[in-house]
Amino acid sequence: MTTIVTVASGKGGVGKSVAVANLGLALAALGRKVVLADLDVGGSNLSTLFGVFEEGPDLGAFLSREIECLEDAARPIWKNLSLVVGAGETLATANPNWGMKQRLLRHLLKLDAEIVLVDLGAGTGPHALDFFNAGHLRIVVTVPEPTASVDAYRLIKLAAVREAVVRVHSRNPVRRSIERRDFSAAGDLWTLLDSTGASRSDAPAASTPWLLSNRTGGTDAHFQRLHSVAKRFLGCELRSLGRIPEDPWVPDSVRRYLPVVEYRPSAPASRAYRTAAGRLAALVDRADPGREPLLSSDPTPRATPGA
């Protein structure tokens, strides 16, 4: 079974795509069959980090149905590692409709891989939240800066609210109430959800993402602050996937179009990425890929396009 791991960030510039590239390569080095999928629609750059500039099938070709199978857009770039290059800059690919998102999710699950690492756009737009919540495992990348911490918390909170919205029928008036209300505690959200008769599954525990702290110093004060506010809202423990130290080899590796784990294996960041990849591999082994991912229901339901 394929395990979908979605990677998001509350704001841009925190090194999310760099983290996806390095985690993917480190997982492949562990013998895991990995596909990286660049779903940062309208702002994709994951291929640049590997020096992949050749023309070929990409996410845009799949979304526009120039190709029918997403597997045809997966380009081998390393042993055990393939890449689905992101879409070009078109209005259609930057704002995919519900049917396009459903079709994309189905095909992500069909990819010939043990792990699909999905690089999402930064922020809390509906597309990013929908695909983030569709992951069997979810990772938030952030840095120890006040604005990044606030935005990471906002992402975690709104992802939980968005997941609740998915479970309420689009014609139920409570759904609009959930969408418009700024919840100060998870209990209020779950109470309102219960009033609709919708299932909340294992929420909030199942919704709690793993945090990857990037460009960190010598303390974990940043994680502890985020843990405190997330616990207050979600009512459960925020979990750390790892801390990647500030390392001059990382920007140097980006300039050379190579993930740092390949470019400088002995660098501090490389060692930290390999440790985080080992933890992620263990989580994949315990994950439940049989869980059906959910996307927000279309406000005007219609037949889903064929696979």
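**Exercise 1. Determine in which sense strand β2 and strand β5 pair, over how many bridges, and how β5 is covered.**

Strand β2 (residues 34–39) and β5 pair in the parallel sense, and the pairing runs over six bridges; strands are DSSP runs of E with at least two residues, helices are runs of H or I with at least four, and both are numbered from the N terminus. Two strands count as paired if DSSP finds at least two bridges between them. The model is a predicted one, in which local features need pLDDT of at least 70 and side-chain atom pairs count only at pLDDT 80 or more, while totals for chains, interfaces and linings use all residues. Residues are numbered from 1 along each chain as its sequence is written, and side-chain values use heavy atoms, with hydrogens and water left out.

Within the pairing of β2 with β5, Leu39 has Leu120 as its bridge partner. Next, turn to strand β1 (residues 3–8), which pairs with β5 in the parallel sense over five bridges, with Val5 standing opposite Leu117 of β5.

Finally, consider burial, which means under 20% relative accessible area, with exposed over 50% and partly exposed in between (1.4 Å probe, protein chains only). In a regular strand the side chains alternate between the two faces of the sheet. Ile115, Leu117 and Asp119 are buried on one side of β5, and Val116, Val118 and Leu120 are buried on the other, which agrees with six of the six residues of β5 (residues 115–120) being buried.

**Exercise 2. Describe how α5 and α6 pack, giving the angle and the distance between their axes.**

Helix α5 (residues 98–110) and helix α6 (residues 126–133) pack at an angle of about 30°, with their axes 12 Å apart. Because angles under 35 degrees count as roughly parallel, over 145 as roughly antiparallel, 65 to 115 as roughly perpendicular and the rest as oblique, α5 and α6 are roughly parallel to each other.

For the contact itself (heavy atoms within 4.5 Å), Lys101, Leu104 and Leu105 in α5 meet His127, Asp130 and Phe131 in α6. The residues of this contact divide into three nonpolar, one polar and two charged.

**Exercise 3. State where Arg65 and Arg215 lie, and what phi each has.**

Most residues other than glycine have a negative phi. Arg65, in the loop between α3 (59–63) and β3 (74–78), has a positive phi near 65° and is partly exposed at 35% relative accessibility. Arg215, in strand β7 (residues 210–216), has a positive phi of about 50° and is partly exposed, with a relative accessible area of 28%.

Note on methods. Axes are lines fitted to C-alpha atoms, for helices over the stretch in contact, and angles run from 0 to 180 degrees between N-to-C directions. Ala, Val, Leu, Ile, Met, Phe, Trp, Tyr, Cys and Pro count as nonpolar, Asp, Glu, Lys and Arg as charged, and the others, Gly among them, as polar.
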